[in-house]
Amino acid sequence: MLVHIPGVLTAEQVGRCREVMARTDWVDGRVTAGHQSAQVKRNLQLPEGSPDARELGDMILAALGRNPLFMSAVLPKRIFPPLFNRYDAEGEMGFGSHVDNAIRTIPGTGERVRTDVSSTLFLSAPDEYDGGELVIEDTYGAHSVKLPAGDMIVYPGTSLHHVTKVTRGSRVASFFWTESMVADVTRRSMMFDLDMSIIRLTADHPEHPSVMTLTSLYHNLLRQWVI
Ligand code: NI
């Protein structure tokens, strides 16, 4: 289940991210990689928990809290503090095929987050760089994703994925993981479809009695499946 969430950040918020990223210090992205992914990861990251990463991360978390599509698609329970990465053409940066670690510990708190859903929030415009596609593999094949700055893709944490080499310019993004209230991807996907159907039905036929029946069904299913 891949969901494109447009306009997570406004143009001004993307601008603020870019301003901070242009003047800050970057470190080798392998600092947060597991053993397998460290072999294939070539990029730069903002140091985890640095004041810059925290400022931008808090801005993103606040934006997500106001985003109904993210809420519906992900049913978030706990969100790992957003991380930030950069892929440059110089150094042929990219990230080979890997699966993200199942568990992430939030630095400083010891709190563990199960990575049910992965998110990538694009902060570079597509015409600023060549390559740098996020390619996500699922049972329906490989999906290549490159979105406008401020847009985000969410996909199951179980997916094999990679970032193709950047061959021109630089690509900056934020990425993070969410533990969902509904761990199972099939159930989560059905909840999302049901919610979207209720929203469409409510818009077209607000008085239809099925709106209430389906809304009850949604909440009662969620009550069954939430963990
Ligand atoms: Ni990854």
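**Exercise 1. The five-stranded sheet**

Task: Starting from the bridge partner of Phe95 in S15, work out which strands form the open sheet and in what order.

Solution.

Step 1. The bridge partner of Phe95 in S15 is Val163. This is a predicted model. S7 and S15 pair in the antiparallel sense, over two bridges.

Step 2. Turn to the other partner of S7. Strand S3 is joined to strand S7 (residues 94–98) by two bridges, and the two run antiparallel. Phe95 in S7 stands opposite Lys41, and Gly94 in S7 is the bridge partner of Arg42. Phe95 therefore has a partner on either hand: Lys41 and Val163 in S15, in keeping with strands that pair through backbone hydrogen bonds.

Step 3. Continue from S15. Strand S15 (residues 160–163) is joined to S12 by four bridges, again antiparallel. Here Ile136 stands opposite His161 in S15.

Step 4. Strand S12 (residues 134–138) also runs antiparallel to strand S13 (residues 141–145), with five bridges between them. One of the pairs is Leu134 with Val145 in S13. S12 and S13 form a hairpin, and two residues lie between them.

Step 5. Put the pairs together: the five strands form an open sheet in the order S3-S7-S15-S12-S13, with antiparallel pairing. Strand S3 (41–42) and S13 each have a single partner strand and stand at the edges, so one side of each has no neighbour in the sheet.

**Exercise 2. The nickel site**

Task: Which residues coordinate the nickel ion, and what spacing do the donors follow along the chain?

Solution.

Step 1. The nickel ion is coordinated by His98 through NE2, Asp100 through OD and His161 through NE2, at 2.1 Å.

Step 2. Along the chain, the donors follow the spacing H-x1-D-x60-H.

Step 3. Place the donors on the sheet. S7 covers residues 94–98, a range that includes His98. His161 is in S15, where it stands opposite Ile136.

Step 4. Check accessibility against the cut-off for buried, which is under 20% relative accessible area. His98 is buried, at 4% relative accessibility. Asp100 has a relative accessible area of 12% and is buried as well.

**Exercise 3. Helix H1 against helix H3**

Task: How do the axes of helix H1 and helix H3 cross, and which residues of H1 and H3 meet?

Solution.

Step 1. Two packed helices are described by the angle between their axes and the distance between the axes.

Step 2. For helix H1 (residues 11–23) and helix H3 (residues 51–65), the axes come within 11 Å and cross at roughly 170°. Angles over 145 degrees count as roughly antiparallel, so H1 is roughly antiparallel to H3.

Step 3. On the H1 side the contact is made by Gln13, Arg16, Cys17, Val20, Met21 and Arg23, and on the H3 side by Asp52, Glu55, Leu56 and Met59. Sorted by class, the contact has five nonpolar, one polar and four charged residues.

Step 4. Take Leu56, which lies in helix H3. Leu56 has a relative accessible area of 0% and is buried. Apart from neighbours within four places in sequence, Leu56 is in contact with Arg16, Cys17, Val20, Met21 and Phe84.

**Exercise 4. Two positive phi values**

Task: Where are Leu75 and Glu92 found, and is each buried or exposed?

Solution.

Step 1. Leu75 has a phi near 45°, a positive value in a residue other than glycine. Phi of Glu92 is also near 45° and positive, again in a residue other than glycine.

Step 2. Leu75 is in the loop between helix H4 (68–74) and strand S5 (76–79). Glu92 is in the loop between strand S6 (83–88) and S7.

Step 3. Leu75 is buried, with a relative accessible area of 5%, whereas Glu92 counts as exposed at 52% relative accessibility.

Step 4. Look at a contact of Leu75. Glu179, in strand S16 (residues 166–180), touches Leu75, Pro76, Lys77, Arg78, Arg112, Val113, Arg114 and Asp116, leaving out residues up to four places away in sequence. Glu179 counts as buried, at 7% relative accessibility.

Note on methods
Residues are numbered from 1 along each chain as its sequence is written. This is a predicted model: local features need pLDDT of at least 70, side-chain atom pairs count only at pLDDT 80 or more; totals for chains, interfaces and linings use all residues. Side-chain values use heavy atoms; hydrogens and water are left out. Axes are lines fitted to C-alpha atoms, for helices over the stretch in contact, and angles run from 0 to 180 degrees between N-to-C directions. Angles under 35 degrees count as roughly parallel, over 145 as roughly antiparallel, 65 to 115 as roughly perpendicular and the rest as oblique. Contact means heavy atoms within 4.5 Å. Ala, Val, Leu, Ile, Met, Phe, Trp, Tyr, Cys and Pro count as nonpolar, Asp, Glu, Lys and Arg as charged, and the others, Gly among them, as polar. Two strands pair if DSSP finds at least two bridges between them. Buried means under 20% relative accessible area, exposed over 50%, partly exposed in between (1.4 Å probe, protein chains only). Donors are N, O and S atoms within 2.8 Å of the metal (3.2 Å for Na, K and Ca); water is not among the atoms, so sites may look incomplete.
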